[in-house]
Amino acid sequence: MLGIPISYYLVLSSSMFVIGILGVLLRRNALVTFMSLEMMFNAANLVFVTFAAYHRVLTGQIFVFFVMTVAAAEVAVGLALMVAIFRTKHSIDIDQMSSLKG
Amino acid sequence: MFPGMILFIFLALVVIASSLAMLFSRNTIYAALFLAMNFVTVALLYLLLGAPFIALVQVTVYAGSIMVLFLFVIMMLGAENIPGGESLPGHRVLALILGAVFLLELAMMIAVKGGLFQASMSEVEFSNPALLGEMLFTRYQLLFLVTSVILLAATVGAVLLTRGDKVKSRDLVHPKE
C-alpha cells in the first residue's frame, strides 16, 4: 500500500500489542488495565486490516467490524463490574481485589 | 512512494508515543486521553490502508463512545490519582525486560518471514460501505445476528450489575414516598 512493506505494519501492531500487555501487567489501576486491553484489541484490528489491504480481500475488514462490536459490549459490561466493585470496596486498586467475595 | 512512507512513519511514531504515554502517565484521565489519540491515529492508518468505513467506525465507536464511557467512569469513581508502587519487588523490571524480549522475538519473526512484500495498490476503490454491507448481510449474516444478541446481553448485563440494592417490583410501579 503506497509502497510500504507489510512487515512495517506488522511490527507496529506487535509493538502496540506488547505495550498493551505491559499495561495490563504493570498498572495497579483497574481502569488503566482495561484501557491497555483495548489497545491490544486495536493492535489485532490493525493486523486484520493490513492483511485485508495487502491481499485485497474484504473479509479482514468484516472481522474488524465484529471485533469492534464485541469489544464495545465487553467494555460496557466490564465498566459496570468496576462500578459495582467500587460500591463495596471503595477502591479500584487491583491489589485489593484479592477475594471473590463481593 | 516517498510521501506515503513519510506519512506512515509520522503516524507510526505518534501511535507508539501515545501508547507509551498512556502506559506511563500517572493521571488516569491523561492516560484515557492519550489512548483516544492513539485510536484516532490508528484510524488514520486505516485510511492509509484503504479502509475508509472501518476508519470512521473506529473513530465513532472506539474514540467516540468507548473512551467517553471510560472517562465518565473514571470521573464518577474519582480514580484520577491512584498511588503507584510495586506490588512485588522487581516486578516492574522483570515485566519490562520480558516485554522487550517478546517484542524483539515478534519483530525478528516478522522481518524474517514477512520480508518486503509490497502489493501495489491500484487506484480502483477497494472498499466502500456498499461492498461491506453486501458481504455483511449475505455471507456473514449469521454472525451479524449473533452480534446483535451479544449487544443485547451486554446491555442487560450492564443494567443488572449497576442496579444496586434489590428493588421490589411493586416499588417500581408504586414508588414508596
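1. Helices here are DSSP runs of H or I with at least four residues, numbered from the N terminus. On that basis Val70(A) sits in helix 3 of chain A, residues 59-89. The model is predicted.

2. Val70(A) also belongs to a surface patch. Its partners are Leu142(B), Val146(B) and Ile150(B). The patch is nonpolar, and its accessible area totals about 330 Å². Helix 6 of chain B, residues 141-161, is the main contributor, with three residues.

3. Next, the two copies of the label "helix 1". Helix 1 of chain A spans residues 6-26, and helix 1 of chain B spans residues 2-24. Their axes come within 9 Å and cross at roughly 5°. Angles under 35 degrees count as roughly parallel, so helix 1 of chain A and helix 1 of chain B are roughly parallel.

4. On the chain A side, the helix 1 contact includes Tyr8(A), Tyr9(A), Leu12(A) and Met16(A). Among the chain B residues they meet as a group are Met5(B), Phe8(B), Ile16(B) and Leu23(B). By class, this contact has 13 nonpolar residues, three polar and no charged.

5. A second contact between the chains pairs helix 2 of chain A (residues 30-55) with helix 3 of chain B (residues 52-77). The packing angle is about 175°, and the axes are 12 Å apart. The two helices are therefore roughly antiparallel.

6. Which residues of helix 2 of chain A meet helix 3 of chain B? They are Leu31(A), Phe34(A), Met35(A), Glu38(A), Phe41(A), Asn42(A), Asn45(A) and Val49(A). The chain B side includes Gln58(B), Tyr62(B), Met67(B) and Phe70(B). The contact has twelve nonpolar, three polar and one charged residues.

7. Helix 3 of chain B also packs within its own chain. Helix 2 of chain B, residues 28-48, lies against helix 3 of chain B at about 175°, with the axes 8 Å apart. This pair is therefore roughly antiparallel too.

8. The contact of helix 2 with helix 3 in chain B draws on Leu33(B), Phe39(B), Val40(B) and Tyr46(B), among others from helix 2. From helix 3 it includes Pro52(B), Val59(B), Ala63(B) and Leu71(B). The class split is 21 nonpolar, two polar and no charged.

9. Some residues of helix 3 of chain B serve twice. Gln58(B), Tyr62(B) and Met67(B) meet helix 2 of chain A, and Gln58(B), Tyr62(B) and Met67(B) also meet helix 2 of chain B.

Terms used
Residues are numbered from 1 along each chain as its sequence is written. Chains are lettered from A and ligands numbered from 1 in the order in which they are written. This is a predicted model: local features need pLDDT of at least 70, side-chain atom pairs count only at pLDDT 80 or more; totals for chains, interfaces and linings use all residues. Side-chain values use heavy atoms; hydrogens and water are left out. Axes are lines fitted to C-alpha atoms, for helices over the stretch in contact, and angles run from 0 to 180 degrees between N-to-C directions. Angles under 35 degrees count as roughly parallel, over 145 as roughly antiparallel, 65 to 115 as roughly perpendicular and the rest as oblique. Contact means heavy atoms within 4.5 Å. Ala, Val, Leu, Ile, Met, Phe, Trp, Tyr, Cys and Pro count as nonpolar, Asp, Glu, Lys and Arg as charged, and the others, Gly among them, as polar. Patches are made of residues with over 30% relative accessible area and no salt bridge: like charges are joined within 9 Å, nonpolar side chains (Val, Leu, Ile, Met, Phe, Trp, Tyr) within 5 Å. Accessible areas come from the Shrake-Rupley method with a 1.4 Å probe; for residues, only the protein chains shown count as cover. A salt bridge is a side-chain nitrogen of Lys or Arg within 4 Å of a carboxyl oxygen of Asp or Glu.
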